[in-house]
Structure formats: structure tokens, C-alpha cells
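Reader: I am new to this structure and would like a close look at one part of it, followed by an account of how that part sits within the whole.

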Amino acid sequence: METLTHGQVLARFGHALSDPTRARLLLALREAPGYPADLADLVGTTRQNLSNHLACLRRCGLVTAVPEGRRTRYELTDARLAHALGDLLDLVLTVDPTACAKADAEGCC
């Protein structure tokens, strides 16, 4: 098994958060596990697009698939991720509540 540096681990997390759909998906899973059809509706995307994002999040080690008969439930791999996402969201909004609007206007994200 590959050992990742701290920088590589943070880069994976950053990659996961770099897409708005994946970010919404992580925030949805922070609230509760979910099934693909429900998650697609919740984050406003197609099931195929959601499947691609879930695969990315699984490769990043942030999301796990739990088989339930013919269905698969998705959830965060560790409860601490939910806490970390909340802390990160609070921090960004505390430091600069207009950061998202500025980033969009400047085209940097």
C-alpha cells in the first residue's frame, strides 16, 4: 500500500472539494448516508454524473460504498470527515464571508 505525504493527502482532499458537485455531495453525506438516486436529486445532477463523482470520492478515500442487497448506500469513510467539513466551512466563512463570490468573479475556482 502506498504511503502518502501530508501534502498528497491534502491535495486529494482539495481535489475532492474542487468541484462544486463533489462539494455538495460531501456536504449531503455529512448530514446522512444516501443512495445514488436520492443523492443525484439532492445535489441536482444526473445519476451518471453522480456516479462519476462518487467514484472520484471513493478513489480519494473520502466516501465508501455499503452494499445493501441490490442497492448501494454511500457514506463518508469516517465520522471525523463530517466534523472536518463543518470546521472548514465555518473557517472559510469566518475568515472571509465573500470569498466564494470573489473567487467566482475572478475566475480562480
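Leaving aside its neighbours within four places in sequence, which residues is Thr 21 in contact with?

Author: This is a predicted model, in which local features need pLDDT of at least 70 and side-chain atom pairs count only at pLDDT 80 or more, whereas totals for chains, interfaces and linings use all residues. Residues are numbered from 1 along each chain as its sequence is written, and side-chain values use heavy atoms, with hydrogens and water left out.

Once its neighbours within four places in sequence are set aside, Thr 21 is in contact with Val 43, Thr 45 and His 53, where contact means heavy atoms within 4.5 Å. Thr 21 belongs to helix H2, which covers residues 20-31; helices (H or I, at least four residues) and strands (E, at least two) are DSSP runs numbered from the N terminus. Thr 21 counts as buried because its relative accessibility is 12%, given that buried means under 20% relative accessible area, exposed over 50% and partly exposed in between, with a 1.4 Å probe and protein chains only.

Helix H2 also takes part in the largest nonpolar core, to which H2, helix H1 (6-17), helix H3 (36-43), helix H4 (47-59), strand E2 (71-76) and helix H5 (79-95) each supply at least two residues. Such a core is a set of buried Ala, Val, Leu, Ile, Met, Phe, Trp, Tyr and Cys residues joined through side-chain atoms within 4.5 Å. This one has 20 residues, and Leu 25, Leu 26, Leu 62 and Val 63 touch the most other members. In soluble globular proteins, nonpolar side chains tend to be buried together. Beyond its neighbours within four places in sequence, Val 63 is in contact with a list of residues that includes Leu 26, Leu 29, Leu 54, Leu 57 and Tyr 74.

Glu 75 is another of the residues that Val 63 contacts, and Glu 75 forms a salt bridge with Arg 73, the closest N and O atoms being 2.8 Å apart. A salt bridge here is a side-chain nitrogen of Lys or Arg within 4 Å of a carboxyl oxygen of Asp or Glu, and the whole structure holds four of them. Arg 73 also meets Glu 68 in a salt bridge, at 2.1 Å from N to O. Glu 68 is partly exposed, since its relative accessible area is 30%, and Glu 75 is partly exposed at 22%. A further salt bridge joins Asp 78 to Arg 80, again given as N to O, at 2.8 Å. Arg 80 counts as exposed because its relative accessibility is 64%, whereas Asp 78 is partly exposed, with a relative accessible area of 26%. Through shared partners, salt bridges join Glu 68, Arg 73 and Glu 75 into one network.

To place these details in the whole, the protein chain has six helices and two strands, and their pattern along the sequence reads α-α-α-α-β-β-α-α. Of its 109 residues, 27% count as buried. Among the contacts in the chain with a separation of 6 or more, 49% are between residues 24 or more positions apart. As one example of parts distant in sequence, Val 9, which lies in helix H1, is 51 residues from Cys 60 in sequence, yet their C-alpha atoms are 8.6 Å apart in space. Val 9 is partly exposed, with a relative accessible area of 43%.
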